[in-house]
Amino acid sequence: MQPDFIRQVSEFVDFFAIDIKTTPDLYQKKLGTTFSEEEIEIKLLETKKILSEIENKEIEYRTTMYPPIVESYERLYKMMEYIPSNANHY
């Protein structure tokens, strides 16, 4: 989750692969990040905005269905809020 980096390199790359692990509330609780839930959500939404504006480049989001952090279809559905419509999600 480094939207500034994505913005800086966007003109130099033609493929983006982003791992989205879970929803912001579980990033902090289950993955031990030092970012707050609010900071994580801001970074995810900013990344989505940047990638939504990119044309003619492939964008791929990936999620591993690991039950402690993606335990249900409902969680996966909530994660879609952070994935741009021009991206594939695997």
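**Figure 1. Exposure and surroundings of Y66 in the predicted model.** In this predicted model, Y66 is partly exposed, with a relative accessible area of 48%. That value does not exceed the 50% above which a residue counts as exposed, and it is not under the 20% that marks a buried one, so the intermediate class applies. Y66 belongs to the loop that runs between strand 2 (58–62) and helix 4 (73–79). T22 is 44 residues away from Y66 in sequence, yet the C-alpha atoms of Y66 and T22 are 9.4 Å apart.

**Figure 2. T63, a buried residue of the loop between strand 2 and helix 4****.** T63 is found in the loop that links strand 2 with helix 4. Its relative accessible area is 14%, and because this is under 20%, T63 counts as buried. The side chain of T63 makes a polar contact of 2.7 Å with the side chain of H89. Apart from residues up to four places away in sequence, T63 touches I20, K21, V70, L76, M79, H89 and Y90. H89 is thus named both as the polar partner of T63 and among the residues that T63 touches.

**Figure 3. E60 and its contacts within strand 2****.** E60 is part of strand 2. The relative accessible area of E60 is 14%, so this residue is buried under the 20% cut-off. With neighbours within four places in sequence set aside, E60 is in contact with F15, F16, A17, I18, N88 and Y90. Y90 also appears among the residues touched by T63.

**Figure 4. The whole chain, as context for the close-ups.** The chain holds four helices and three strands, and their order from the N terminus is α-β-α-α-β-α-β. The radius of gyration is 13 Å, close to the 12 Å given by the globule rule for 90 residues, so the chain is as compact as a globular protein of that length. Along the principal axes, the C-alpha atoms fill a box of roughly 35 × 25 × 15 Å. Of the 90 residues, 36% count as buried. Among contacts with a separation of 6 or more, 69% are between residues 24 or more positions apart.

**Figure 5. Surface and charge of the chain.** The accessible surface comes to about 6,000 Å², and carbon and sulfur atoms account for 51% of this area. The chain carries 11 positive and 17 negative side chains. The centres of these two sets of charges lie 3 Å apart.

Conventions:
Residues numbered from 1 in each chain as written. Predicted model: local features only at pLDDT ≥ 70, side-chain atom pairs only at ≥ 80, totals over all residues. Heavy atoms only, no water. Helix = DSSP H or I, 4+ residues; strand = E, 2+ residues; numbered from the N terminus. Buried < 20%, exposed > 50% of the residue type's maximum accessible area, 1.4 Å probe, protein only. Polar contact = N/O pair within 3.5 Å; in protein donor to acceptor, adjacent residues only side chain to side chain. Contact = heavy atoms within 4.5 Å. Rg over C-alpha atoms; globule rule 2.2 N^0.38 Å. Areas by Shrake-Rupley, 256 points an atom, 1.4 Å probe, with all protein chains shown as cover. Lys, Arg positive; Asp, Glu negative; His and termini not counted. Charge placed at Lys NZ, Arg CZ, Asp CG, Glu CD.
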